[in-house]
Amino acid sequence: MTPLFTVEGLAGVVFFGFILLIIFGALVATNAVNLIRAVCGLALCLVGVAGIYYFLQSPFLALMQVLIYAGAVCVAIVFAVMLAEPQGAKRLERAHPLAGPGAFAAAALMAWGLAALALRTSWPEASSQVNAGALEDVGRAMMTTFVVSFELISLILLVAIIGSLVLARRGRR
């Protein structure tokens, strides 16, 4: 067992901190009665995912996660809610009483399946870092190797904006 006050021990604490942030954000997002609180929970969850990206030595992906998902998409959802309900946030109705335990059972079954699959898979060794992650290298890689991913990011933002406009228009009727 790794002692807590070593670099590896503190890295483990930070990793589990991000995991707890993701779980807390997901619970807030799925159990909130108020739609604004649900969006805040989603933002917390996405920030936790960005922390995991940063922990896995991908600071650019972490920054994009915060800017695009936690920033742009959540702000677009909040604007849609604000435009759709000018008299205040609408309270969401609770689902069927068995929906929560059923969802928990389904999530536990899926987690068990994923864990069983992960334990049976032979994972390849992690490749060494190709470059230091300089902004120039990242920009070159985005315009050559990852150009499809870059375009998909813009498509996600476009879908979020169109969805926000549809929600806002529906709320004004």
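Q: What makes residues 143-168 a mostly helical stretch, and how far apart are the end C-alpha atoms?
A: Over residues 143-168 the chain is 92% helix and 0% strand, with the end C-alpha atoms 34 Å apart. Helices here are DSSP runs of H or I with at least four residues, and strands are runs of E with at least two, numbered from the N terminus. This is a predicted model, where local features need pLDDT of at least 70, side-chain atom pairs count only at pLDDT 80 or more, and totals for chains, interfaces and linings use all residues. Residues are numbered from 1 along each chain as its sequence is written, and side-chain values use heavy atoms, leaving out hydrogens and water.

Q: How do you know that the span of helix α1 agrees with its number of residues?
A: The expected span is 1.5 Å times one less than the number of residues. Helix α1 (residues 7-31) has 25 residues and should therefore span 36 Å; its end C-alpha atoms are 36 Å apart, which agrees.

Q: Why is Cys45 called buried?
A: Buried means under 20% relative accessible area, exposed means over 50%, and partly exposed lies in between (1.4 Å probe, protein chains only). Cys45 has 16% relative accessibility, so it counts as buried.

Q: Why is Cys40 called partly exposed?
A: Its relative accessibility is 46%, so Cys40 counts as partly exposed.

Q: How many disulfides are there?
A: A disulfide is a pair of cysteine sulfur atoms within 2.5 Å, and by this rule the count is zero. For Cys40, which is in no disulfide, the nearest cysteine sulfur is that of Cys74, 8.2 Å away.
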